[in-house]
Amino acid sequence: MNTPKFMQNFIQYMYDHYSKDGGKLLVHMGALGTLFGSVAQLMAVVTDKKLDKDQKRFLLPQEGADAFVNVTMTYTVCDLIKRLGDRIVEKGKFLTDDLAKAIIKIKPELASNIKDWKKIITPADLKNHKLTELLKNPRLLNIFKTSSDDAIKNVMPALDKALDIAETHKNNVGIITTIAASVLAANIITPYLRNIIASKLQKHSIKQEAVEIRKRQITENITTKRPLPPSFKAFKNYNPYHDVSV
């Protein structure tokens with residue numbers, strides 16, 4: 001049985017966008033999962049027959065605010081920290097020994113120890129370009145700017161090996177930082193912001209409810225035990241709560 005065309009396209013899309021960046025996949029899937037969970041929670045409130053209109057009117061704004069905070073924080077915090085991890089790797093600030101050794105093999109005559117990888121990919125190179133970009137385009141490296149095509153061709157296997165290790169390392173760092181960021185967002189930042197917003201919504205709802213109760217009291221004339229006498233007819237429609245702010 002042949003795989004449907006749309007499924008082939010989806011698989012290819014996932015491979016192209018996430019095969020070398022597992023951290024980005026976690027960010028997007030985490031935000032999407034949070035969004036679906038929030039929508040399900042809102043629908044549960046809307047369809048719950050045990051809740052009357054007043055209860056739903058009170059709960060829906062809170063659930064909507066929770067959904068907004070959950071999705072926004074999950075995406076923004078995780079994406080921000082994940083990008084920070086990527087930047088650290090791309091600027092050569094957090095390299096493994098395996099990656100440093102692979103870089104040295106590009107030009108071994110310049111290195112006497114593992115720290116000498118910076119003689120091959122210099123701080124000046126990294127200031128203007130990403131690490132993976134430099135490994136993909138050796139002409140950007142100061143040590144190869146005047147080299148012949150044959151010289152570049154000879155070092156391409158070492159460059160490709162170093163690039164493969166660099167991309168794997170970057171992917172691993174991205175996954176770790178994304179997981180850490182999701183824990184931070186879900187357990188610290190999101191609950192804090194959600195409580196602040198929920199408190200404000202609750203205060204607003206209480207004020208609204210108080211105003212509605214007062215209006216009903218006046219409309220139903222339950223503020224007095226007996227009807228007003230004829231001499232008070234002029235004050236019958238007086239509303240002592242007309243200036244209550246919402």
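A total of 9 salt bridges is counted in the chain, a salt bridge being a side-chain nitrogen of Lys or Arg within 4 Å of a carboxyl oxygen of Asp or Glu. The structure is a predicted model, in which local features need pLDDT of at least 70 and side-chain atom pairs count only at pLDDT 80 or more, while totals for chains, interfaces and linings use all residues. Residues are numbered from 1 along each chain as its sequence is written, and side-chain values use heavy atoms, with hydrogens and water left out.

The chain contains 7 helices and 0 strands, and its pattern along the sequence reads α-α-α-α-α-α-α. Helices (H or I, at least four residues) and strands (E, at least two) are DSSP runs, numbered from the N terminus. Of the 246 residues in the chain, 28% are buried. Here buried means under 20% relative accessible area, exposed means over 50%, and partly exposed lies in between (1.4 Å probe, protein chains only).

Several salt bridges involve helix α3, which spans residues 53-90. Within this helix, the side chains of aspartate 86 and lysine 82 form a salt bridge with an N to O distance of 2.7 Å. The two residues are separated by about one helical turn, because they stand 4 residues apart in helix α3. Aspartate 86 is buried because its relative accessible area is 12%, and lysine 82 is buried because its value is 4%. Glutamate 90 forms a salt bridge with lysine 170, and their closest N and O atoms are 2.8 Å apart. Because glutamate 90 lies in helix α3 and lysine 170 in helix α7 (residues 149-219), this pair ties together parts that are 80 residues apart in sequence. Glutamate 90 counts as buried at 5% relative accessibility, whereas lysine 170 is partly exposed at 23%.

Other charged pairs were also identified. Aspartate 116 and lysine 119 form a salt bridge in which the closest N and O atoms are 3.8 Å apart. Aspartate 116 has 9% relative accessibility and therefore counts as buried, whereas lysine 119, with a relative accessible area of 46%, is partly exposed. In addition, a network of salt bridges links Lys20, Lys136 and Glu167.

The packing of helix α2 (residues 22-47) against helix α3 was examined next. The axes of α2 and α3 come within 9 Å and cross at roughly 180°; axes are lines fitted to C-alpha atoms, for helices over the stretch in contact, and angles run from 0 to 180 degrees between N-to-C directions. The two helices are therefore roughly antiparallel to each other. By definition, angles under 35 degrees count as roughly parallel, over 145 as roughly antiparallel, 65 to 115 as roughly perpendicular and the rest as oblique. The residues of the contact of α2 with α3 comprise 12 nonpolar, 9 polar and 5 charged. In this classification Ala, Val, Leu, Ile, Met, Phe, Trp, Tyr, Cys and Pro count as nonpolar, Asp, Glu, Lys and Arg as charged, and the others, Gly among them, as polar.

A nonpolar surface patch of about 540 Å² is made by Met29, Leu32, Leu35, Phe36, Val39 and Met43. Patches are made of residues with over 30% relative accessible area and no salt bridge, like charges being joined within 9 Å and nonpolar side chains (Val, Leu, Ile, Met, Phe, Trp, Tyr) within 5 Å. Accessible areas come from the Shrake-Rupley method with a 1.4 Å probe, and for residues only the protein chains shown count as cover. Methionine 43, one of the patch residues, belongs to helix α2 and counts as partly exposed at 44% relative accessibility.

Two further pairs relate distant positions in the sequence. Alanine 100, in helix α4 (residues 97-104), is buried at 4% relative accessibility. Alanine 100 is 66 residues from alanine 166 in sequence, and their C-alpha atoms are 9.4 Å apart in space. Valine 183 is found in helix α7 and is partly exposed, at 45% relative accessibility. The C-alpha atoms of valine 183 and threonine 74 are separated by 9.4 Å, although these residues are 109 residues apart along the chain.
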